[in-house]
Amino acid sequence: MVKNKKKIVILGSGFAAVECAKKLENEFGNDSEIELVMIGEDNFLLFTPMLPQVASGMIETRHIVFPIRTICKKTKFYEGRIKNVDPYGKLVTLWGTGDKRSISIHYDFLIVALGSETNFFGMADVEKNAYTMKTLNDAVMLRNRIIDMLEQAENETNPILRKSFLNFVVVGGGFAGIETAGELMDLLLDVRKYYPSIQKEDLKVIVLEAMGEILPGFNKKLAEFAKQKLKERGIDIQLKKVVTSFDGNEVTIKTLDETPKDSIDQSEINSIITKTLIWTAGTTPVNTIKRSMFKTEKGKIIINDFLEVEKFPGVFAIGDCALFVDPITKRPFPPTAQIAEAQAKMAAKNLISLIKNSKKEKFVYHSKGQLAIIGKRTGIATFLGVNISGFLAWLIWRNVYLSKIPTFDKKTRVFLDWMIDLFFDRDVSRLNFIKRETEKEYKELDEVDDVW
Ligand SMILES: Cc1cc2nc3c(=O)[nH]c(=O)nc-3n(C[C@H](O)[C@H](O)[C@H](O)COP(=O)(O)OP(=O)(O)OC[C@H]3O[C@@H](n4cnc5c(N)ncnc54)[C@H](O)[C@@H]3O)c2cc1C
């Protein structure tokens, strides 16, 4: 081993981590003085913009994941769950399990890109009973759930029970919620022909949004267009609705009223019977960040203009786990892959400058535009400063996201999936997987077994 070799450790294997690793590989990939390391719970990058299309069965599951070993070839990868980051001792500790040793990895420079997880705002019943749309597992589970509900409803004679099978409630009118609702409706309408007793009017997709509009951050006219199109396709969009509980059979909703906070609460409470609630209403940084010694606000790591973590030079935080405030609105930017990748590029650049003793640059975000698809061949886009809606926006979405897929073989597979979907029906086999993995029993060790 080369003496004084510097180790750059990247935490996470998502958009920010992978983009940063690629930039650092370009600079240090053949440098014997620098070692690049990545640690991630999953050994792949998940291409989330296409997750709803996996849930609807349009794209095959493995076509939207990219093994780290194939896209970051000059980075040493550790698959493992991070337990602790010690920025004083410059150590990252991984959890051990019954059959896996716990190890600690030393770093000289650190990139924290641990993303976020679903936020249930403390509602334990919702967390227990709802489906989510954040991981590949979520998309696969949801698809199987939808097919199962159709199977159950087809032969059910109790009208109330039948209704609860055919009501699908999506909570959250952001990117993930709206794209999921659109894809869900497409799937239901496509496969309905296999279920002769189920009529189009029996199928209900309801979106509940706490704010007064959907797709916040989008141009208002485009968001309104999306709302109208979704309504035309039979999706019921209910605004200013806040979910208060879900027991697996019924979702309780509070309608926000306009009365001032100090007057008597006039909020109306009602409910919808459903067996399937899909929760996309918020994200929060992962516990590893919340428990860490880094200074956080609302769970996110506070960073300076150079994306470095306060008090810890050489430690950068990027993507969904970092607090990044829009200088115009003074509010945090919404968590997007676009921002995560832009920050990754700048963090890599500043880290290179730090190592080479040159000047660091401030991060300034320039949006490249926004895109969303809202169901069959319809989308909305703000692209090159122009607002576009309908088929053209949908076409732009497909082109842009296809071009963003990191490998040629997966690009081809996704393209073929889309083509096949034009000519063939979707598969209605329900794969009987369990809903959610129960929390793993992690091995607590007094001491770590190894330090690398
Ligand atoms: C359904 C859906 C659709 C979306 N559509 C779009 C879109 O169209 N456009 C857009 O710009 N954005 C979109 N987003 C948002 C986008 O996915 C995120 O903003 C982006 O993934 C953030 O990148 P990141 O690297 O910060 O986090 P992530 O991509 O979430 O990566 C975090 C990584 O950290 C790992 N990790 C977390 N905790 C640990 C731990 N303790 N130990 C080890 N590893 C850990 C995770 O496994 C993951 O690899 C969408 C999100 C969803 C859910």
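In this predicted model, the buried residues of helix α1 pack against a varied set of elements, namely the strands β1 (6-11), β2 (34-40), β3 (44-46) and β10 (109-112), together with the helices α3 (68-71) and α10 (337-355). The buried positions of α1 are Phe15, Ala16, Ala17, Val18, Glu19, Cys20, Ala21, Leu24 and Phe28. The helix itself comprises 14 residues (residues 15-28), and because 1.5 Å a residue leads to an expected span of 20 Å, the 20 Å between its end C-alpha atoms agrees with that expectation.

One of the buried residues of α1, Cys20, is also among the residues that touch the most other members of the largest nonpolar core, a set of 124 residues in which Ile10, Val112, Ala113 and Ile318 share this distinction. Both domain 1 (6-41 + 80-117 + 284-367) and domain 2 (124-281) give residues to this core, which therefore lies between them. The C-alpha centres of the two domains are 35 Å apart. Within the core, Ile10 touches Ala17, Cys20, Ala21, Val37, Met38, Ile111 and Ala113, when residues up to four places away in sequence are not counted. In soluble globular proteins, nonpolar side chains tend to be buried together.

A further feature is the hairpin of β6 and β7. Strand β6 (residues 82-86) pairs with strand β7 (residues 91-94) in the antiparallel sense over four bridges, and Ile82 has Leu94 of β7 as its bridge partner. Four residues lie between the strands of this hairpin, where Lys90 takes a positive phi near 55 degrees.

Note on methods:
Residues numbered from 1 in each chain as written. Predicted model: local features only at pLDDT ≥ 70, side-chain atom pairs only at ≥ 80, totals over all residues. Helix = DSSP H or I, 4+ residues; strand = E, 2+ residues; numbered from the N terminus. Expected span 1.5 Å × (residues − 1). Buried ≥ 20, exposed ≤ 12 C-beta atoms within 10 Å, placed from the backbone. Contact = placed C-beta atoms within 7 Å. Domains from an automatic or database assignment. Core = buried A, V, L, I, M, F, W, Y, C linked by C-beta atoms within 7 Å. Pairing = 2+ DSSP bridges.
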